[in-house]
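Reader: Got a model I'd like to talk through. Can you walk me through it, starting with how far to trust it?

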Amino acid sequence: MKQWKKRALAALLAALSLLCGCGLPELLGGEEKPVDNVKVSDAYFGLAWYQNGTLNPVLDNTSINRVLCEALYEGLFEVTNNFTAENVLCESYTGDGTTFTFTLREDVQFWSGETLSASDVVASLQAAQYNEESPFHNRLVEVSSIQAVSEREVHITLSSPNINFPRLLDIPIIRSGSANSGSFADGTGPFKPVENDRTWTLEANENWHGGFLGSIRKITLVTMTRADAAMSSFQTGDVSLMRAARIAPDPPSVGGSVNTVQTTSASLHYLGINYANDKLANATVRQALSLALSRQSLCDTQLQTFADPAVLPVNPQPSGDNLSFNLSADINQAAQLLREGLNGGGDTDTPDGDAEGDDTGGGSDDTDDEYTDDGYDDTDDEYIDDGYDDTDDTDGDTDDGDDTDAGSTGVGSNYTGETLSIRLLVNSDNSFKVAAAEQIAASWNALDGVTVTVDKQPYDTFISMLQSGNFDVYYGETQLTADFDLRPLLSSGGSLNYGGYSSSEMSSAIAAARSGENVSAFYQLFLEQMPIIPIAFERGQMIIRKGLIDNYAPSPYNAFAGLETWTSTV
């Protein structure tokens, strides 16, 4: 139920209860629609529009137009800040992880007045499935068939189970055939495009199934001739709202009369391991290195409070199921595990097989490159994002808030056991990540027997060294899909598996978790093997002119989420 319906019904019920003791049905005689009494703002509101992009939101892969599309179009679902799938155009669905049947809402109309049908959904999803240039293409590579089984039912079959497949279906739905109209493809969103004297605006869609809007009822489209011009237009005030990465090599200047709003994301910062290094191939050593990290400190300092600490590669971090992990450093436990690992304790993972002593065999489930795209971002390089999504630096200090030196005498003490030398590779173009890598190195150098050097390389060199395996550990970032598919990172032959990790046990655990059979078992195995070392999930950032909107609460992939609650004091 939309938020305005809940609020209006609750307020009405409370008022009636005060007036008399009558029941709600007696007084209403049925359901009454709430009255649109929102104070409409006449304040200027501008959105960037890159006209060189396609007018079809299923195929448009420009980051500028993504925000515009979120005002105009809707998917079957919306991904919430907790990464659950919330129904939008879909009324209900059934599914076993491999086959799904989605039932559409009856009350949805396009701007044109045409009623949404299953054939429109099929056409939109197939356009993404069959066009590799679509930003949503890689979400559907494991879809075997998409069929309309009735006017309101869509049946989708997958080639392998994925219980979280609905999280991938916030793909924009357009009216079949309308993308060839020469104008905006027909959508169902809260706004519709209107042209007056060659000027385009977005105005309230009177057919919107969500009811009435908040205080913003008119948006001016500001045409861009270059994809990089939106920030300049925001700084001059022509553009009122846009996404802007905070952890970026050249972050935007958003000072002055600007509000910033953070959103959760699936952008994982992590440390990748080279399994050709026989000491790092030991799971106990990797556990020790993970325990030595103060993730919360890294997020609060070098990642500028724009990240959420993570030990498991899912967002938000799971709880319960007897899982035990700590987001702060545990130096004593790390030192103990490190001694065990370096002196022959624990299992060792080989680059081409399973942990020694594991009788599960050396095979694993290979994945192809199709698993690398998040299907939403316009990422145009490898999906490492290791410096081209992040921000300029700070002071570069490596010890801010770092609590890794308690009880450790460090290298150069009387330690006489096995030693560990690590070269930590990081992209030098991203000064925030360089600072984070240096703080990580300081944490590990505080352990007896460990020596870490930070190898800072420009982006192109960094990528080349990853691909050639020229590293011990690297600081990486990747934009995961909303279902948190880890196969690119953890499957043998995975497109992001630069370190040669291979475990059939892990592949089986991932497959079981994706089918919904035993998610907690996968989490537990991950904590035991620590095949990569998660650091944090970066937060997204929306920037908006100050005072323009109150109650602004965007979701990870929808800048206009909850717009029916917007109010304005301008």
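Author: Sure. The mean pLDDT (the predictor's confidence in each residue, from 0 to 100) of the protein chain is 85, and 80% of its residues reach 70 or more. Over residues 1–29 the pLDDT is below 50, and beyond near neighbours in sequence this stretch has 22 contacts (heavy atoms within 4.5 Å) in the model.

Reader: Where else does pLDDT stay under 50?

Author: Over residues 352–412, with 189 contacts beyond four places in sequence. Where pLDDT is low, the predicted coordinates should not be read in detail.

Reader: Any ground rules?

Author: This is a predicted model, where local features need pLDDT of at least 70 and side-chain atom pairs count only at pLDDT 80 or more, while totals for chains, interfaces and linings use all residues. Residues are numbered from 1 along each chain as its sequence is written, and side-chain values use heavy atoms, leaving out hydrogens and water.

Reader: OK, sheets. What's the order in the open sheet of 4 strands?

Author: β4-β5-β7-β6, with antiparallel pairing. Strands here are DSSP E runs of at least two residues, helices H or I runs of at least four, numbered from the N terminus; two strands pair if DSSP finds at least two bridges between them.

Reader: Which strands stand at the edges?

Author: β4 (90–95) and β6 (143–148); each has a single partner strand, so one side of each is left without a neighbour in the sheet.

Reader: And how many bridges join β4 to β5?

Author: 5, with β5 covering residues 99–104. One bridge pairs G95 with F100 in β5.

Reader: Switching to β1, which strand does it pair with?

Author: β1 (residues 46–50) pairs with β10 (residues 218–224) in the parallel sense, over 5 bridges. A48 stands opposite V222 in β10. β10 also runs antiparallel to β9 (residues 199–204), joined by 3 bridges.
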